[in-house]
Amino acid sequence: MVQMSYQVLARKWRPHKFEDMVGQRHVLQALTNALDSDRLHHAYLFTGTRGVGKTTIARIFAKSLNCEQGVSAKPCGQCSSCMEIDEGRFVDLIEVDAASRTGVDDTRDLLDNVQYAPTRGRYKVYLIDEVHMFSKSSFNALLKTLEEPPPHIKFLLATTDPKKIPPTILSRCLQFNLKRISPDQIEQQLEHILEQEQIRSDARSLEMIAFAADGSLRDALSLLDQAISFCGGELKADEVAGMLGTIDKDQVLGLLELLASKDAAAVLDKTDQLNELGPDYQVILAELLVQLQAVAVKQLVPEARSEQRDSERLKSIAAMLTPEECQLYYQIALIGQRDLPYHPEPKSGFEMILLRMLAFQNVQIEVKVGSETVKKKSIDSSTTAPLQVTAQSLGRAIESVAPNQETPLSEGYIQPYQAPSQSPVEGIAQPAIDRITLQEVSAENWDRVVDELDLDGLPRQLALSCALEKHDSNMFHLSMAPGSMRTQRMEEQLLKAIQNQFGSTQKVLITEEDLIGKETPIAKQTRNEGQRMEDAKQVIKSDPSVQAICDAFDATVLEDSIRPITGEK
């Protein structure tokens with residue numbers, strides 16, 4: 001007697017009709033209308049992350065096209081064509097894994113039979129999964145068929161990375177972007193499946209699996225299979241948490257309550273308790289971010305819906321934290337997720353993230369004019385490192401506390417920064433009042449000449465990369481470094497621009513040589529921009545208002561944020 005092998009849940013519960021799909025209503029509605037009204041395109045592209053239903057929708061669509069009862073959004077599922085497609089053995093449904101068939105020869109072999117009519121079905125359907133893995137030559141071979149497809153051919157393409165597909169292919173397909181499936185939808189589907197499978201579970205187990213699936217129903221079913229085996233047939237929250245490396249939401253809320261109470265010792269004790277569960281600290285941080293977002297919503301939109309089970313605890317935490325502290329905790333946790341993999345020991349790294357939340361204190365600064373308070377500013381500063389600010393945020397901070405111009409300034413008031421008047425800088429294009437005449441052309445003003453020429457793109461880059469040696473007998477003698485980019489068309493465009501500017505008798509001669517002691521417009525601009533950047537840094541460093549802000553907040557200016565004023569909008 002042959003014993004039937006176990007079929008994994010992801011395959012057993014794969015939908016066979018559109019009504020069984022979870023989510024993706026926007027895609028299903030469009031396909032249903034197209035099938036029912038017989039407005040069918042020759043190529044469809046389904047995009048989205050793994051496990052959201054791309055190939056499943058494509059197979060149901062192929063079944064709808066070839067059902068023996070006729071083209072319909074509701075294939076019968078009973079005819080030989082429908083059953084063979086469900087079983088993966090329908091001769092006119094050609095499924096291709098592009099990741100394993102990237103060569104142009106493979107693609108040509110595949111498309112050689114496009115011209116022939118279907119063997120059994122109404123349409124011959126090519127389902128190409130991960131189509132972005134095709135090579136450039138393979139895409140070119142596919143493009144030829146997409147441009148002039150036979151009436152009996154339908155292409156169903158699926159990919160997780162549509163950016164790698166050439167625009168020529170994209171423009172010939174109807175594109176459908178499948179969304180990540182929400183945790184609530186995943187949880188409802190898991191609950192339905194367990195009911196049918198007659199397996200008991202608790203709500204928290206399914207909630208953890210749905211969250212860990214990250215929008216992929218296939219991943220959720222794989223995790224559910226694993227959980228059933230791990231828990232011995234009945235899902236329990238603590239065992240599922242151990243399998244996933246997560247901790248219960250109640251534990252995270254308890255940790256957040258300790259953070260809100262500013263009890264550092266209790267926070268470390270709680271971390272020791274969590275460490276005994278062998279958790280994945282990245283997952284804990286992710287759950288902490290979710291709960292901080294819920295707290296922020298509770299603070300700013302108290303009437304917003306939340307889970308009844310956690311509503312009172314979230315309300316209590318929201319009262320213990322200020323909105324600014326909640327936002328600060330969220331940002332630190334978010335950055336901590338990024339930095340945690342670089343820490344040599346995950347637990348210590350996690351503790352450091354929590355301690356960083358507690359190390360920031362709220363400092364109140366009063367700015368006064370005379371005897372009256374003009375503005376009260378608050379800033380979060382760390383006891384372990386000076387505050388770093390950008391030049392832009394520093395300027396905004398100064399402007400935000402500036403009094404009305406009619407108010408007399410008192411001693412000690414921080415003046416808003418005023419940029420010094422800028423005079424034209426040599427080498428930087430300035431609005432020209434008079435255009436340069438041919439007699440005025442020289443090596444020193446060649447950069448201004450280039451700016452006045454009607455040039456753009458590569459021809460302009462050619463002119464900017466050249467130094468003017470001299471101009472005599474209607475000849476512009478230019479030199480450029482050996483190996484610089486130049487083509488005949490670029491030189492022709494440069495000559496045409498010069499003739500339009502100075503007369504049709506002008507000529508251009510370009511030679512390649514070392515530019516020692518000579519300066520091209522690009523080199524001059526780079527030199528002047530560097531000097532202007534240094535001048536801007538000196539202005540910021542020496543400005544008394546900036547110094548006052550830095551002293552008040554123990555701050556440093558980030559030099560990378562300084563930009564010289566160019567006058568451009």
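Lys-270 touches Gln-251, Leu-255 and Leu-258, leaving aside residues up to four places away in sequence. Lys-270 belongs to helix H13. The coordinates discussed here come from a predicted model. In that model Lys-270 is buried and yet forms no salt bridge. How far away is the nearest side chain of opposite charge? For Lys-270 that side chain is Glu-257, at 7.9 Å. A salt bridge requires the nitrogen and the carboxyl oxygen to lie within 4 Å, so the distance of 7.9 Å to Glu-257 does not qualify.

**The nonpolar core**

Helix H13, which holds Lys-270, is also one of the elements that give two or more residues to the largest nonpolar core. This core has 32 residues, and the members that touch the most other members are Leu-259, Leu-288, Leu-354 and Met-357. The elements that give it two or more residues are helix H12 (249-260), helix H13 (264-275), helix H14 (281-300), helix H15 (311-320), helix H16 (323-339) and helix H17 (346-359). Which of them gives the largest share? Helix H14 does, with eight residues. In soluble globular proteins, nonpolar side chains tend to be buried together.

Leu-354 shows what such contacts look like for one residue. Leaving out residues up to four places away in sequence, Leu-354 touches Leu-255, Leu-259, Val-267, Thr-271 and Leu-288. Leu-255 also appears among the residues touched by Lys-270.

**Helix H10**

Helix H10 covers residues 217-231, which makes 15 residues. At 1.5 Å a residue these should span 21 Å, and the end C-alpha atoms are 20 Å apart, so the two values agree. The buried residues of H10 are Leu-217, Ala-220, Leu-221, Leu-223, Leu-224, Asp-225, Ala-227, Ile-228 and Cys-231. What do these buried residues pack against? Their partners are helix H1 (9-12), helix H8 (183-197), helix H9 (203-212) and helix H11 (237-244). Just after H10 comes Gly-232, with a positive phi of about 75 degrees.

**Positive phi outside glycine**

Two residues other than glycine also have a positive phi. Gln-24 has a phi near 60 degrees and sits in the loop between H1 and helix H2 (25-36). Its relative accessibility is 5%, so Gln-24 counts as buried. Lys-262 has a positive phi of about 60 degrees and is found in the loop between H12 and H13. With a relative accessible area of 37%, Lys-262 is partly exposed.

**Salt bridges**

The count of salt bridges in the model comes to 26. Three of them are listed below, with the closest distance between N and O.

| Acidic residue | Basic residue | N to O distance |
|---|---|---|
| Glu-147 | Arg-172 | 3.3 Å |
| Asp-214 | Arg-180 | 3.3 Å |
| Asp-451 | Arg-460 | 3.0 Å |

The side chains of Glu-147 and Arg-172 meet in a salt bridge. This pair links distant parts of the chain, since Glu-147 is in helix H6 (residues 136-147) and Arg-172 is in the loop between helix H7 (167-170) and strand S5 (174-177), 25 residues apart. Glu-147 is partly exposed, at 40% relative accessible area, and Arg-172 is partly exposed too, at 25%.

Asp-214 forms a salt bridge with Arg-180. Here too the pair links distant parts of the chain: Asp-214 lies in the loop between H9 and H10, Arg-180 in the loop between S5 and H8, and they are 34 residues apart. Asp-214 is partly exposed, with a relative accessible area of 42%.

In the salt bridge between Asp-451 and Arg-460, Asp-451 is partly exposed at 33% and Arg-460 is partly exposed at 23%. Salt bridges that share partners also join Glu-68, Glu-84, Glu-87, Arg-89 and Arg-120 into one network.

**Aromatic pairs**

The aromatic pairs number eight. One of them is Trp-446 with Phe-476: the ring centres are 6.3 Å apart and the planes stand at 45 degrees, so the pair is tilted. Trp-446 is in helix H19 (residues 446-452) and Phe-476 in strand S10 (residues 475-480), so this pair links parts of the chain that are distant, 30 residues apart. Are these two residues buried or exposed? Both Trp-446 and Phe-476 are buried. Elsewhere, ring pairs link Tyr-44, Phe-46, Phe-61 and Phe-176 into a cluster.

Key:
Residues numbered from 1 in each chain as written. Predicted model: local features only at pLDDT ≥ 70, side-chain atom pairs only at ≥ 80, totals over all residues. Heavy atoms only, no water. Core = buried A, V, L, I, M, F, W, Y, C linked by side-chain atoms within 4.5 Å. Buried < 20%, exposed > 50% of the residue type's maximum accessible area, 1.4 Å probe, protein only. Helix = DSSP H or I, 4+ residues; strand = E, 2+ residues; numbered from the N terminus. Contact = heavy atoms within 4.5 Å. Lys, Arg positive; Asp, Glu negative; His and termini not counted. Expected span 1.5 Å × (residues − 1). Phe/Tyr/Trp six-rings, centres within 6.5 Å; stacked < 30°, edge-to-face > 60°.
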